[in-house]
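This report describes how the parts of one protein chain are arranged in space. Please keep the sequence and the structure in view while reading.

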Amino acid sequence: MAGFVSHFTNRLDAKGRVSIPASFRAVLARDGFEGLYCIASSHCDAVDAGGNDLLDEINKRSEAFAKLSPDHDALAVALFGASENPRIDGDGRITISDMIRDHAGITDQVTFVGMNYKFQIWEPQKFREYRAEAQKRALAMLSGSGPASSGGEPA
């Protein structure tokens, strides 16, 4: 199944709603997830969003910790307790919540960025800055000189 790919920038309407790109809505529909799952990214000024594939990845991470342990509870609060499930209306729009606005710094435009199993919601200028750094980092990793290098040739 094809995942979330490319990036799109859309303007918020007067009610704070924005259209999710049609190709992203198609991935969510194939996934069978009702609505959208959103959580603030732990490592950048974006919000992670998606459906069952994103939730499956989060569940895998949380299963590494013993239930009812302090570590599991902390992770559960961060990954589930601080998440949202915005409704997608009949026109393919969601309302950008205060959590999304505050974490990502969104005012009047939103950039949706495909990441295969999930997509991210960004303030457009912050995304452009992050993308420039991410491309440098990715090129370094692919050339074997970056932090994720295993010392071998790229596959």
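## The hairpin of β3 and β4

In this predicted model, strands β3 and β4 are joined by a hairpin of 6 residues. Strand β3 covers residues 37-40, runs antiparallel to β4 and is linked to β4 by 4 bridges. Two facing positions can be located along this pair. Y37 stands opposite G50 in β4, and A40 stands opposite V47 in β4.

Is strand β4 covered or uncovered on its two faces? Both faces of β4, which spans residues 47-50, are covered. V47 and A49 lie on one side, D48 and G50 lie on the other, and all four residues are buried. As background, side chains in a regular strand alternate between the two faces of the sheet.

## The sheet around β4

Strand β4 also pairs with β7, a strand formed by residues 119-122. These two strands run antiparallel and are joined by 3 bridges. In this pairing, D48 stands opposite Q120 in β7.

Both pairings belong to an open sheet of 5 strands, whose order is β1-β6-β7-β4-β3 and whose pairing is antiparallel. Strands β1 (7-11) and β3 are at the edges, and each has a single partner strand, so one side of each lacks a neighbour in the sheet. On average, neighbouring strands of this sheet are turned by 25° against each other, with direction ignored.

## A helix across the sheet and its helical partner

Helix α2 lies across β3 and β4 and runs at about 50° to β3. The next topic is the packing of this helix against another helix. Two packed helices are described by the angle between their axes and the distance between the axes. For α2 (residues 52-62) and α3 (residues 70-81), the angle is about 165° and the axes are 10 Å apart. An angle over 145 degrees counts as roughly antiparallel, and α2 and α3 are therefore roughly antiparallel to each other.

The crossing of α2 past α3 is right-handed. On the side of α2, the contact is made by L55, I58, N59, R61 and S62, while α3 contributes H72, L75, L79 and F80. Sorted by class, the residues in this contact are 5 nonpolar, 3 polar and 1 charged.

## Two residues: H72 and R87

H72 is found in helix α3. Is this residue buried or exposed? The relative accessible area of H72 is 13%. Buried means under 20% relative accessible area, so H72 counts as buried. Apart from neighbours within four places in sequence, H72 is in contact with S62, F65, A66 and K67. One of these, S62, belongs to the part of α2 that makes the contact with α3.

R87 is placed in the loop between α3 and β5 (93-95). With a relative accessibility of 64%, R87 counts as exposed. When neighbours within four places in sequence are set aside, the contacts of R87 are with R93 and I94. R87 and E34 are 53 residues apart along the chain, and their C-alpha atoms are separated by 8.1 Å.

## The chain as a whole

How many helices and strands does the protein chain have? Its secondary structure comes to 5 helices and 7 strands. Read from the N terminus, these elements follow the order β-β-α-β-β-α-α-β-α-β-β-α.

The C-alpha atoms of the protein chain fill a box of roughly 50 × 40 × 30 Å along the principal axes. The chain has 155 residues, and buried residues make up 37% of them. Among the contacts with a separation of 6 or more, 57% are between residues 24 or more positions apart.

Technical notes
Residues numbered from 1 in each chain as written. Predicted model: local features only at pLDDT ≥ 70, side-chain atom pairs only at ≥ 80, totals over all residues. Heavy atoms only, no water. Axes fitted to C-alpha atoms, helices over the stretch in contact; angles between N-to-C directions. Parallel < 35°, antiparallel > 145°, perpendicular 65-115°, else oblique. Left-handed = near helix turned anticlockwise from the far one by under 90°. Contact = heavy atoms within 4.5 Å. Nonpolar A, V, L, I, M, F, W, Y, C, P; charged D, E, K, R; others polar. Buried < 20%, exposed > 50% of the residue type's maximum accessible area, 1.4 Å probe, protein only. Pairing = 2+ DSSP bridges.
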